[in-house]
Amino acid sequence: MKRRDMIRMVPVSLAGMAGMAAGAHRALGADNDWDKRWPVVEGEPLAKTYSKRIRERLTWVRENQSEGLMEAAHAIADTVVAGGQCYQANWDAGHTESDSWPGRNGEPDIFSTQWNLAKAKKGDLLLTTGQTTNGGEIKKKGIFIIGCPSPWSGDARYPELVRDDIRKMVIRPYADIYIENQATVIGGMISVPGMPSPMGPESGIVGKTTIWMMLADACRILAKKGLSRPVKGDEPKLAGDKLDYRNFSGWVSLTEPLMDDYFQEAMNHLDMVMAEYGTIKKIATMAVDTALSGGKIYGYSRYNSIAGEARNRRSGLTITDGIYGHTMDTPEKRKDFQGTAKDFVIMGITMPDDELDLAFLDLFRSRGMKVASIGPMTRAIQVPKGRTVPKETDIHAGRMCDTYGLFAVPGFDRRICPTSGVVIDHIFWCIMMEFVDQYMRKTGGDIPGALYSGALKGGMEY
């Protein structure tokens, strides 16, 4: 590949990026440089370093924030019991939205993502971050606030690095419960020498894990009071003669915290990601070969998930772009898709046989694109008959998670709290970190461009 073609893969030259980033480095001081805080590990693949640091961050949250998470679960359950509405807005569970959408398997119908301060009332509850300038108004209205830091706010570490208009966006002074997650305004977990921006965001994985931990115990508390909520998705209901005991591990205890069980299951699944490291390497190789031959790399998901992670993500790579399936849910809307045989797409799926995902797979195949998939292959640990995305893509990773939730809670009609969102994010960023390793080797040391947050001073210019 010609050097002039390779330069087009990043927005500006690396030298220019370094100049734009100098202000942030000077603001931190020599003792706080990113490459000293999150260094690469000599001889260790970046994917493995990233995976290890994510699990260390989650362990810190579990060891230091469990009390707040449990209080939050009780507050959520109490709001439901009292007839209030629980809202979720900007909880930092990834680049765009939370791990919630229509038909999300395993999600209890507790939170609304349609937050509107004018319509909210006293006694409601809001799960949010500091990505708002009206925290005081929310508090005055009598709305219970559960907050956490977001890199796009003044609550996260190193607020002096963000623009003045962002720095005043805070929720901590108004929160009734505040969950610290060690977020920084930079967001990345890996500092590659020569690239000013750290790579490998963590907020999606940490945010998704914490919200499912809270929901797990909120449902347990409700069940203990003899109450329940409908559970989204298409899992067969866990009641009556249709209960499949071959694939059913029993009802959970209502006297033991469930958030610990969710945390442990999620960590087990993240640990198992490295059991598929060989597959991760192969997917990364497909992406690198695509980049070096002038093709485009896409991340697809029906809703947010990988589509959001692949598009303009702080600490993400400039070289990827996202495809949101729900915005092109008819053949007419898909006809202008520009994919070609030179391109490569990674499909993030939360069920193996979703009809829209299969329609997009057919679209990608019709354009001659190479296709990888990540996410669950099974429903209740069984591979569905007929067509599935994992059966038909070139390569698949994500065998450790299932379509449905983990826990059967008495009174709830389906299992709650899936791990697929957490696992998909983790695998995607392990692939991207492996991409960086291979790209550097194959180009003799060139580093793919990574993005600063637009909230930083100079971030948009960078």
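In this predicted model, helix α4, residues 46-81, packs against helix α7, residues 203-224. The two axes lie 7 Å apart and make an angle of about 35 degrees. The crossing of α4 over α7 is right-handed. Sorted by residue type, the contact between α4 and α7 contains 19 nonpolar residues, along with three polar and four charged ones.

These two helices belong to a protein whose secondary structure comes to 14 helices and 12 strands. Some of the strands are arranged in the sheets described next. Strands of a sheet pair through backbone hydrogen bonds, and the pairing is either parallel or antiparallel.

One open sheet has five strands in the order β2-β1-β3-β4-β5, and its pairing is parallel. Which strands stand at its edges? They are β2 (111-112) and β5 (177-178). Each of these has a single partner strand, so one side of β2 and one side of β5 are left without a neighbour in the sheet. Further in, strand β1, residues 86-89, pairs with strand β3, residues 125-129, in the parallel sense. Four bridges make up the pairing of β1 with β3. To locate this pairing in the structure, look for Ala89, which stands opposite Thr128 in β3.

Another open sheet of five strands has the order β9-β8-β10-β11-β12, again with parallel pairing. Here the edge positions go to β9 (320-324) and β12 (395-397). Because β9 and β12 each have a single partner strand, one side of each has no neighbour in the sheet. From one strand to the next, the twist of this sheet averages 25 degrees. At the β12 edge, strand β11, residues 370-374, runs parallel to β12 and is joined to it by three bridges. Ser373 can serve as a marker here: its bridge partner in β12 is His396.

The remaining values describe the protein as a whole. Of its 462 residues, 59% are buried, where buried means under 20% relative accessible area. The accessible surface comes to about 18,500 Å², and carbon and sulfur atoms account for 49% of that area. How much of the contact set links residues 24 or more positions apart? Among contacts in the protein with a separation of 6 or more, such pairs account for 77%.

Note on methods
Residues are numbered from 1 along each chain as its sequence is written. This is a predicted model: local features need pLDDT of at least 70, side-chain atom pairs count only at pLDDT 80 or more; totals for chains, interfaces and linings use all residues. Side-chain values use heavy atoms; hydrogens and water are left out. Buried means under 20% relative accessible area, exposed over 50%, partly exposed in between (1.4 Å probe, protein chains only). Contact means heavy atoms within 4.5 Å. Accessible areas come from the Shrake-Rupley method with a 1.4 Å probe; for residues, only the protein chains shown count as cover. Axes are lines fitted to C-alpha atoms, for helices over the stretch in contact, and angles run from 0 to 180 degrees between N-to-C directions. A crossing is left-handed if the near helix is turned anticlockwise from the far one by less than a right angle, and right-handed if clockwise. Ala, Val, Leu, Ile, Met, Phe, Trp, Tyr, Cys and Pro count as nonpolar, Asp, Glu, Lys and Arg as charged, and the others, Gly among them, as polar. Two strands pair if DSSP finds at least two bridges between them.
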